[in-house]
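Trainee: Got a minute to walk through this one with me? I'd like to start with how we talk about burial.

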Amino acid sequence: LAVIGAGPAGLAAAVYGASAGLSTAVVEAEAPGGQAALSSRIENYLGFPSGISGSELARRALAQARRFGTDVIAPHRAVGIRAEDPYRVIILDDGSELHCASIVLATGVQYRRLDVPGLDALTGAGVYYGAASTEAAAMIGARVIIVGGANSAGQAALHLATFADEVVVVLRASSLAARMSRYLVGRIEATD
């Protein structure tokens with residue numbers, strides 16, 4: 001079994017496949033954990049009724065997948081797939097190939113990058129994609145602007161509100177409820 005993507009869905013697929021005795025490999029273009037690893041708190045993931053940080057969820061899932069024998073191939077990007085019956089062949093960005101019987105595509109999502117001139121030069125120096133705990137402490141007393149209105153933006157807003165004096169959420173939808181989970185909308189509305 002080959003799993004393309006090592007976010008929560010990909011790591012879950014690897015755990016289930018490997019624990020069932022399948023020879024399992026995960027291909028990840030960046031770092032295991034995906035976008036979820038950058039989330040300060042995830043409250044709607046099965047098995048964590050009090051929530052868990054994204055980095056801790058990713059660390060636990062990766063450790064569990066490896067414990068069952070999953071091979072993690074990272075950082076490598078899958079650039080092609082072809083069928084060679086009875087196998088499927090994944091072509092990696094370095095030209096190597098991974099042969100398998102089945103493929104699970106768990107490619108997840110990527111942050112939408114803003115198309116603003118000069119913004120790339122500020123990435124990591126005041127502009128961040130994701131709200132990692134490491135940047136949050138630097139926001140004490142600051143005004144923080146979050147661009148986006150889905151769950152990651154809501155989690156970031158709540159997390160950063162514990163540090164910043166003011167958090168402003170800018171979204172393209174008519175309301176937070178358009179793309180955000182109900183529990184997050186309620187928590188944001190209840191937070192000064």
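Mentor: Sure. Buried means under 20% relative accessible area, exposed means over 50%, and partly exposed is anything in between. R82 comes out at 30%, so it counts as partly exposed. Keep in mind that this is a predicted model.

Trainee: Okay, and what does R82 pair up with in a salt bridge?

Mentor: The side chain of R82 meets that of E97, at 3.0 Å from N to O. R82 sits in strand β4 and E97 in strand β6, so the pair ties together parts that are 15 residues apart in sequence.

Trainee: And E97, is it buried, partly exposed or exposed?

Mentor: Partly exposed, because its relative accessibility is 39%. That fits the way β6, residues 97–100, is laid out: the side chains alternate along the strand. L98 and C100 point to one face and are buried, while E97 and H99 point to the other face and are not.

Trainee: Which strand does β6 pair with?

Mentor: Strand β5, residues 87–92, in the antiparallel sense and over four bridges. H99 in β6 is the bridge partner of V89. The hairpin of β5 and β6 has four residues between the strands, and G95 takes a positive phi there, near 90°.

Trainee: What about the other end of β5, where does P86 lie?

Mentor: In the loop between β4 and β5. The peptide bond from D85 to P86 is cis, with omega near 10°. D85 also makes a salt bridge with R88, at 3.3 Å from N to O. D85 counts as exposed, since its relative accessibility is 66%, whereas R88 is partly exposed at 30%.

Trainee: Which other peptide bond should I check for cis geometry?

Mentor: Look at the one from A74 to P75, which is cis with omega near -5°. P75 is in the loop between β3 (71–73) and β4 (78–84).

Trainee: Let me zoom out. How many helices and strands does the protein have?

Mentor: Five helices and nine strands. Along the sequence the pattern runs β-α-β-α-β-β-β-β-β-α-β-α-β-α. The C-alpha trace spans about 55 × 40 × 30 Å along its principal axes.

Trainee: How much of it counts as buried?

Mentor: Of the 192 residues, 35%. The accessible surface comes to about 11,200 Å², and 54% of that belongs to carbon and sulfur atoms.

Trainee: So what's in the largest nonpolar core?

Mentor: It has 12 residues, among them L1, V3, L11, A14, V26, L62 and A106. Helices α1 (8–19) and α2 (54–67) each supply at least two residues, and α1 gives the most, with four. In soluble globular proteins, nonpolar side chains tend to be buried together.

Trainee: Pick one residue from there. What is A14 in contact with?

Mentor: If you leave aside neighbours within four places in sequence, A14 is in contact with V3, S19, T24, V26, A65 and T70. There's also a second, separate core of nine residues, which includes A136, M139, A156 and L160.

Trainee: A156 and L160 are listed in α4, right? How many of that helix's residues are buried?

Mentor: Eight of the 10 residues in α4 (151–160) are buried, leaving the helix mostly covered. A156 and L160 are both in that buried set, along with others including A153 and L158.

Trainee: Back to salt bridges. How many are there in the whole structure?

Mentor: A search finds seven. One of them joins E166 and R143, at 3.1 Å from N to O. That pair links distant parts of the chain, with E166 in β9 (166–170) and R143 in β8 (143–147), 23 residues apart. E166 is partly exposed at 38%, and R143 is exposed at 56%. Elsewhere, E56, R59 and R60 are linked in a network of salt bridges.

Trainee: Last topic: which residues form a nonpolar patch on the surface?

Mentor: L114, V116, I145, V147 and V170, with about 390 Å² of accessible area together. L114 lies in the loop between β7 (103–105) and α3 (133–136).

Trainee: And why can L114 be called partly exposed?

Mentor: Because its relative accessible area is 32%, and partly exposed covers what falls between the 20% and 50% cut-offs.

Key
Residues are numbered from 1 along each chain as its sequence is written. This is a predicted model: local features need pLDDT of at least 70, side-chain atom pairs count only at pLDDT 80 or more; totals for chains, interfaces and linings use all residues. Side-chain values use heavy atoms; hydrogens and water are left out. Patches are made of residues with over 30% relative accessible area and no salt bridge: like charges are joined within 9 Å, nonpolar side chains (Val, Leu, Ile, Met, Phe, Trp, Tyr) within 5 Å. Accessible areas come from the Shrake-Rupley method with a 1.4 Å probe; for residues, only the protein chains shown count as cover. A salt bridge is a side-chain nitrogen of Lys or Arg within 4 Å of a carboxyl oxygen of Asp or Glu. Buried means under 20% relative accessible area, exposed over 50%, partly exposed in between (1.4 Å probe, protein chains only). Two strands pair if DSSP finds at least two bridges between them. A nonpolar core is a set of buried Ala, Val, Leu, Ile, Met, Phe, Trp, Tyr and Cys residues joined through side-chain atoms within 4.5 Å. Contact means heavy atoms within 4.5 Å.
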